[in-house]
Number of protein chains: 2
Amino acid sequence: MKKFIPILKKSRLFAGVGAEDITSMLSCLDARLHSYKKGENVLRQGEHISDIMVLVSGELHVQRDDYWGNRSIVNRITVGEMFGEAYIAPESGALLNDVVAIEDSNVIFFDVRRIMTVCSSACKFHSTVVQNLFFSISEKTKNLVLKLGHLSKRTTREKLISYLSEEAKRNNSPSFVIPFNRQQLADFLSVDRSAMSNELCKMRDEGLLEFEKNHFRLL
Amino acid sequence: MKKFIPILKKSRLFAGVGAEDITSMLSCLDARLHSYKKGENVLRQGEHISDIMVLVSGELHVQRDDYWGNRSIVNRITVGEMFGEAYIAPESGALLNDVVAIEDSNVIFFDVRRIMTVCSSACKFHSTVVQNLFFSISEKTKNLVLKLGHLSKRTTREKLISYLSEEAKRNNSPSFVIPFNRQQLADFLSVDRSAMSNELCKMRDEGLLEFEKNHFRLL
DNA sequence: ACAAATCGGTTGTTTTTACAACAGAAAGAG
DNA sequence: CTCTTTCTGTTGTAAAAACAACCGATTTGT
């Protein structure tokens, strides 16, 4: 677990906490390291958890497949990001989505009650972590609202424009690389892949944008 | 403001805190009461806030109108509920949505930094409120994920089934009243009202459900 | 290097939605 | 009570999406 301390140090949850302090907090927060092969489930819909998790290597998708096999990618989790924060309340109930490793990944689990309760051994950075947890949840809430903004658009074209504009804004550039292939982007925007591909090409022909693979440029 | 103490007492944010303690916390948290007429904006897209707000009377919609006049209802806020929690991080940026009073409403604003920072005057219930804030945000995150589940459905019928099933589950009954009229439901599910109305009637004719006004029964 | 799997684009057909326009019912205002 | 406004259902049409099937290119695994 020690080799991931530098990752944790750069994570949102431990921002502002030194490596030595993180080390001492690991046991305080009951940290457990788990490894997953590409394609494995980290969490399954229906499970109950009482942990906050931080991804320290690899990449994850929060997704859900319905009865008809339609996959919906709710969220993407990158190294240093936290997840599980929607289920910290005791009465949260079962997980609504699967969390799947789309690359070989390592995840550290933390006991959420130990984070929220000030420990008697007085870790001096505990309050920093509590505040970081607030900000992380807040940030993720905002991302969900952004995504709702995309999905609330009526047509595939509007959804694409909403998403791509957002990415351009995030990158401070009209030229950027998206973290999805076509099928994943379609699953993320909840549209049909071929229809989306078709629409993208139409938009390109109309001079709205250029793309090659995952690299896009808005014009 | 005092007349709303009983409401705050029943709110998620102040759960477990007595009326007298709430009273003393009001100044500690820099509480400010604002009133709004039906139709007025509580918050506007683009504004910056550093507060957490609790609705103490009336009802609010979190919504957004796009360039073409399509309205999207992101969320509904009822008495005792908190909002603004997605913007508590210092770097949160501008509000993404409007918050509009759909009835005459009263809202209490709290300084978010005073909630998150333990006050020197040692309100003994401060840590309770901090934990409540965690649970509230967590709960709202979960609601957003639920809504994403509805919007990620491809057809109007599937969206309706997803939403109505959820409501039935929440009410522990196949028979329930929804808090939206047809136009609002359409805006909430991001579909066209007439098409939705049409689909609802088809579903009724097929024997999937019954409804009269806002009262639905799944069969 | 070769076979297999994945990926992205294309096309045609069917289904579904958006849009517009209208009418009866219900609710609200004066 | 009457007039006005809002709400809901209905219909027809045009636009868009889903679906299915296919192909060439690229990537992956052995």
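This section describes the chain fold, the interface, the nonpolar cores and the strand pairing in a predicted model of chains A and B.

Chain A has 219 residues, of which 54% count as buried. Its secondary structure comes to seven helices and 11 strands. Along the principal axes, the C-alpha trace of chain A spans about 65 × 40 × 30 Å. Among contacts in chain A between residues at least 6 apart in sequence, 71% join residues that are at least 24 apart.

Chains A and B share an interface to which each contributes 38 residues. The area buried between the two chains is about 3700 Å², and carbon and sulfur atoms give 67% of that area. On the chain B side, the residues that lose the most area to chain A are Phe134(B), Leu148(B) and Arg154(B), which together account for 20% of what that side buries. The polar part of the interface includes 13 residue pairs in polar contact, with both residues at pLDDT 80 or more. Two salt bridges are counted between chain B and chain A. A salt bridge is formed by Arg12(A) and Glu91(B), with the closest N and O atoms 2.7 Å apart. Strand S5 (71-77) and helix H4 (126-151) of chain B each supply at least two residues of the side that touches chain A. The largest share of that side comes from H4(B), with 15 residues.

The analysis of nonpolar packing gives the following result. The largest nonpolar core has 59 residues, and those with the most contacts inside it are Phe110(A), Phe134(A), Phe110(B) and Phe134(B). A separate core of 48 residues lies apart from it and includes Ala86(A), Val62(B), Phe83(B) and Leu146(B). In soluble globular proteins, nonpolar side chains tend to be buried together. When neighbours within four places in sequence are left aside, Phe134(A) is in contact with Ile88(B), Met116(B), Val130(B), Leu133(B), Phe134(B) and Ile137(B). One of these partners, Phe134(B), is also among the residues of chain B that lose the most area to chain A.

Strand pairing was examined in chain B. Strands of a sheet pair through backbone hydrogen bonds, either parallel or antiparallel. An open sheet of four strands in chain B has the order S1-S8-S3-S6, and the pairing is antiparallel. Its edge strands are S1 (32-36) and S6 (82-83) of chain B, each of which pairs on one side only. Strand S3 of chain B, residues 51-57, is joined to S6(B) by two bridges, and these strands run antiparallel. Across this pairing, Val54(B) stands opposite Met82(B) in S6(B).

Strand S7 of chain B, residues 98-101, has Asp98(B) and Val100(B) pointing one way and Val99(B) and Ala101(B) pointing the other way. All of these residues are buried. S7(B) is joined by two bridges to strand S2 of chain B, residues 41-43, in an antiparallel arrangement. In that pairing, Val100(B) is the bridge partner of Asn41(B). Four bridges join S7(B) to strand S4 of chain B, residues 60-65, and these strands also run antiparallel. Here the bridge partner of Leu60(B) is Ala101(B).

Terms used
Residues are numbered from 1 along each chain as its sequence is written. Chains are lettered from A and ligands numbered from 1 in the order in which they are written. This is a predicted model: local features need pLDDT of at least 70, side-chain atom pairs count only at pLDDT 80 or more; totals for chains, interfaces and linings use all residues. Side-chain values use heavy atoms; hydrogens and water are left out. A nonpolar core is a set of buried Ala, Val, Leu, Ile, Met, Phe, Trp, Tyr and Cys residues joined through side-chain atoms within 4.5 Å. Buried means under 20% relative accessible area, exposed over 50%, partly exposed in between (1.4 Å probe, protein chains only). Contact means heavy atoms within 4.5 Å. Two strands pair if DSSP finds at least two bridges between them. Buried area is the accessible area (1.4 Å probe) that two parts lose on being put together, summed over both. A salt bridge is a side-chain nitrogen of Lys or Arg within 4 Å of a carboxyl oxygen of Asp or Glu. A polar contact is a pair of N or O atoms within 3.5 Å; within protein, one must be able to donate a hydrogen and the other to accept it, and residues adjacent in sequence count only if both atoms are side-chain atoms.
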